[in-house]
Each structure stands twice: as C-alpha cells, then as structure tokens.
Amino acid sequence: MNTTFRPSLQSKLPAVGTTIFTVMSKLAAETGAINLSQGFPGFDCSPELVSLVERYLRKGFNQYAPMTGVPALREALAQKALEQYAVAYDPDSEVTVTSGATEALFAAITAVVRPGDEVIVFEPAYDSYVPAIELNGGIPVFVTLTPSEVDSSIANASDYTIDWQEVSHKITDKTRLILVNTPHNPTGRVWTADDIQQLADLVHDRDIWVVSDEVYEHILFDGRVHHSLMTHPTLQERTFVVGSFGKTFHITGWKVGYCLAPKALTTEFRKIHQYLTFSTVTPIQYALADYLQNPGHYRQLPDFYQRKRDLFLDGLRQSRFRFNPAEGSFFQTVSYADITDEPDYELAVRLTKEIGVASIPVSVFYKQKNDYRVLRFCFAKDDAILREAAERLSHL
Ligand code: PMP
Ligand code: GLN
C-alpha cells in the first residue's frame, strides 16, 4: 500500500549542530592548515603507557570491567586525591571510572537535574554542559564572563573574573546545580582560593549541588596551585569532581575519565552511568592504575606546558594580538580587536584558509554568541609547529 505518512521527528536539541571542534578540525585537514583549534596533543603518549596497555591486552583482560571501574584504578585515584588534596574518598563507594569526562559530566548532571531546575553556568562554557542540562529539562542560567578589556566596571579586573554578587543574584529557589570548570576551557583562567570560598558561602545552606570539571587539574602555570573543590569541606560534600586521563597523559583518544563524589551522590551517579555505558575499556584501566603509581608522570606537566605556552606567546609578541598569558589548561586566548573587526567565526575560517592556522572562535562558547574578538589557540603541539603558527600569525 502506498502511504504518505511520515513520523515527525522533533529534535530534542534544535539549536545544536556539529561541534565547532569537528568543524574546525575538518577545515584544517581539508586545507592543510596547522590545527590549533580542537584541543588535543599533537604528540604521542608515553611508550611505557602503550606497553602497559599491550601487556594487559595480551594477558587477556579483554572482557567487561566492573561497572564502577577496576578496583586497582579506583584505589589509585583515591590515593591520588589523598596525596594531592588531603581528601579521603572511599574507592568502593565514592570513585567511579567513566568513558571520558564527557560521560561523567552527563551522568552527574542527569543524576541531580529535574525538569524546571535551574543550573548556573559560567560562560564561555565548554560545549557539552548546556545540552546535558537541557536534555534533563533543566534551565541554564548564565553568568557571563568577559575579557578584561571589555568589562572595565570590575575593579582590578583580570580576564574573565567572576562577579560573585551577580552569581548571588542569579541563585533562586529553583537553582539545583552550579557547574564549575577550573582550569578553564576556553579561557585558561584558574579559580583562586577566594573563588572557592565565595562559592561555598553561597551554597552552604541551600539544596544546591556542584559539578566541578577539573580535567586540566595538572596543567597550571607560573607557580599556581589547583584549588580542587574537594578541598573545601562545604563543597566536598555536595560536589561531583570530574577528571580525565585524556589531558593528563596525552591520550584524548582513549576516553577514560572519572568522578569522585560522596557516597550518596555516587550512588545516584552510578545509576545513570550503568545505563549510559555500563563500564569503561578494561585493559586501559589496568594500565592506568599501574602508570598512576608514579606521580612524576603528571607532576612534570606544568613545566612542560608552560614552556610551550611561552614559546607560542614569544612568537606572538611582535604581533598586534593582545593577550594575558593563560593561567592553566593548554589553551591561550588572544584578542584581535587591534587588527580587524571581523566576526570571530569568520576570522577563524579565513585564517585557516589564508594563512593556514586553525583556531576556535570564542563566541561559540556563549549562549548568545557574544563576540569579543577573541580566538582560542591550543598550544599542546610540537615546538616547531607552534613557532611556525606564531610566525604566520605575526604577519597579520
Ligand atoms: N571538559 C573540558 C573542559 C574539556 O576541555 C574536555 C575535553 N576536551 C572535556 C571535559 C571532555 O573530556 P573527555 O575527552 O575525557 O571526555
Ligand atoms: N575539549 C576539546 C576542546 O576544547 C575538544 C573535545 C571534542 O572535540 N569534543 O577543544
């Protein structure tokens, strides 16, 4: 029978297209440009780590891992939190291994956000947060952070400083969750001890949970220390702390992350995790548990990346770009307001095609696509690539 009936598909995420990371990486590949857009290391991980994975593959560790993560890795993560932040998590009931931080963020948000709940999001914001909130019926409430040139109203404004009074005004009876990301993607800003205290003061007597995206926890510069939210007792008891091995061990393609949270939160988190992915790739978990035994592997990251940041910025010093050096992460934002008033998206595409350097326009991380004439460059690349990119950009 001939029928014209077609089921009507109503998108649950009508405003969402393909991520900017995929768009710009594809454009870079097509044009042969240097790709400083999507955030991933341009160099390989340690051969020791590869050998460890190989060993566990050959030993036959090839079936499902326990839903919560292999015990050795959960224990190693609890040990790391204890040594580094002096906070005790029970590996059995408070540590969960996930398939990347992306999965952990989705599971944590889903565990606590119900339809109509408000979620405070600092923007510019990493792109997976808002869709996860909206799929759960939550309402993102934005606190908009700006580059210092733009907002002269805040005394001693440094880039993307948080106005805590504004945060306080945005909290209502419906606020259920606050999303934190430090060190921050895309701005490279790092929370101070005062930021942590301000947040604790705001939430201490409210039914508000916190998701803290700390995937760049080991990449801080100029002597800064990472203030994990777990170090503040008021925050620790209400926070899902999310991490990722992708950033720490140069293995973004392996997609292994984790979530540390008090028992009651972890119980709810795992109910989601077990039906999202159930468990995470087994041999890699065993390898990571061994590799974590040597903290030297991540303690050298600040020096390693600070040198790359400085190499890139030295190359840009003669240019007309303006910047404050990134405080953490492997991203550097630069203002091109002195060079052109083209929209940032158009400029990012033009620079990819014309001078062969791909970047990310920072407007994509704002709900209203606020364009402050800022581009983000990833400096997790080989030195020669960074020198060449800076040289090309300097001619603008
Ligand atoms: N959060 C932030 C801030 C990130 O930059 C990224 C990845 N680039 C993620 C989460 C996702 O991490 P993963 O690749 O482990 O899912
Ligand atoms: N987090 C990476 C970035 O900010 C990209 C991750 C992705 O491509 N989804 O560039």
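This is a short dialogue on reading two ligand sites and three backbone features in a predicted model.

Me: Which residues are around ligand 2?

Reply: A ligand's surroundings are read as a list of residues with a heavy atom within 4 Å. For ligand 2 these are Phe-21, Gln-38, Gly-39, Tyr-126, Asn-185, Lys-247, Phe-331 and Arg-376. Sorted by class, that shell holds three nonpolar, three polar and two charged residues.

Me: From which domains does the shell around ligand 2 draw its residues?

Reply: Domain 1 (20-45 + 299-394) and domain 2 (49-294) each supply at least three residues to the shell around ligand 2.

Me: Which polar atoms of the protein should I look at beside ligand 2?

Reply: The general idea is to look for pairs of N or O atoms within 3.5 Å. At Gly-39 a polar backbone atom is 2.6 Å from an oxygen atom of ligand 2. For Arg-376, an N or O atom of the side chain is 2.7 Å from an oxygen atom of ligand 2. The side chain of Tyr-126 has an N or O atom 3.3 Å from a nitrogen atom of ligand 2. Taken on its own, ligand 2 has 290 Å² of accessible area, and the protein covers 80% of this.

Me: How many residues surround ligand 1, and which are the closest?

Reply: The shell of ligand 1 has 13 residues, and the closest are Thr-102, Asp-213, Tyr-216, Ser-244 and Lys-247. By class there are five nonpolar, five polar and three charged residues. Lys-247 also belongs to the list for ligand 2.

Me: Which helix gives the most to the shell around ligand 1?

Reply: Helix H4, residues 100-112, gives the most, with four residues.

Me: What polar contacts does ligand 1 have?

Reply: The reading is as before, and here the partner atoms on the ligand are oxygens. An N or O atom in the Tyr-216 side chain is 2.6 Å from an oxygen atom of ligand 1. For Lys-255, a polar side-chain atom lies 2.7 Å from an oxygen atom of ligand 1. Asn-185 has a polar side-chain atom 2.8 Å from an oxygen atom of ligand 1, and Asn-185 is also among the residues around ligand 2. The protein covers 93% of the 400 Å² of accessible area that ligand 1 has on its own.

Me: In which pocket do I find each ligand?

Reply: Ligand 1 sits in the second largest pocket. The space taken by ligand 2 is also the second largest pocket.

Me: Where are the cis peptide bonds?

Reply: The angle to read is omega. The bond joining Glu-123 and Pro-124 is cis, with omega about 10 degrees. Pro-124 is in the loop between strand E3 (118-123) and helix H5 (129-135). Thr-182 and Pro-183 are also joined by a cis peptide bond, with omega about -20 degrees. Pro-183 lies in the loop between strand E5 (175-181) and helix H7 (193-203).

Me: Which residue other than glycine has a positive phi, and where is it found?

Reply: Ala-86 has a phi near 55 degrees. Ala-86 is in the loop between helix H3 (71-85) and strand E2 (95-98).

Technical notes
Residues are numbered from 1 along each chain as its sequence is written. Chains are lettered from A and ligands numbered from 1 in the order in which they are written. This is a predicted model: local features need pLDDT of at least 70, side-chain atom pairs count only at pLDDT 80 or more; totals for chains, interfaces and linings use all residues. Side-chain values use heavy atoms; hydrogens and water are left out. A polar contact is a pair of N or O atoms within 3.5 Å; within protein, one must be able to donate a hydrogen and the other to accept it, and residues adjacent in sequence count only if both atoms are side-chain atoms. Accessible areas come from the Shrake-Rupley method with a 1.4 Å probe; for residues, only the protein chains shown count as cover. On a 1 Å grid over the protein atoms alone, a cavity is a set of points where a 1.4 Å probe fits but cannot get out, and a pocket is an open set with protein on both sides within 12 Å along at least five of seven lines; lining residues have an atom within 4 Å of a point. A molecule sits in a cavity or pocket if more than half of its atoms lie within 2 Å of its grid points. Ala, Val, Leu, Ile, Met, Phe, Trp, Tyr, Cys and Pro count as nonpolar, Asp, Glu, Lys and Arg as charged, and the others, Gly among them, as polar. Domain bounds come from an automatic or database domain assignment. Helices (H or I, at least four residues) and strands (E, at least two) are DSSP runs, numbered from the N terminus.
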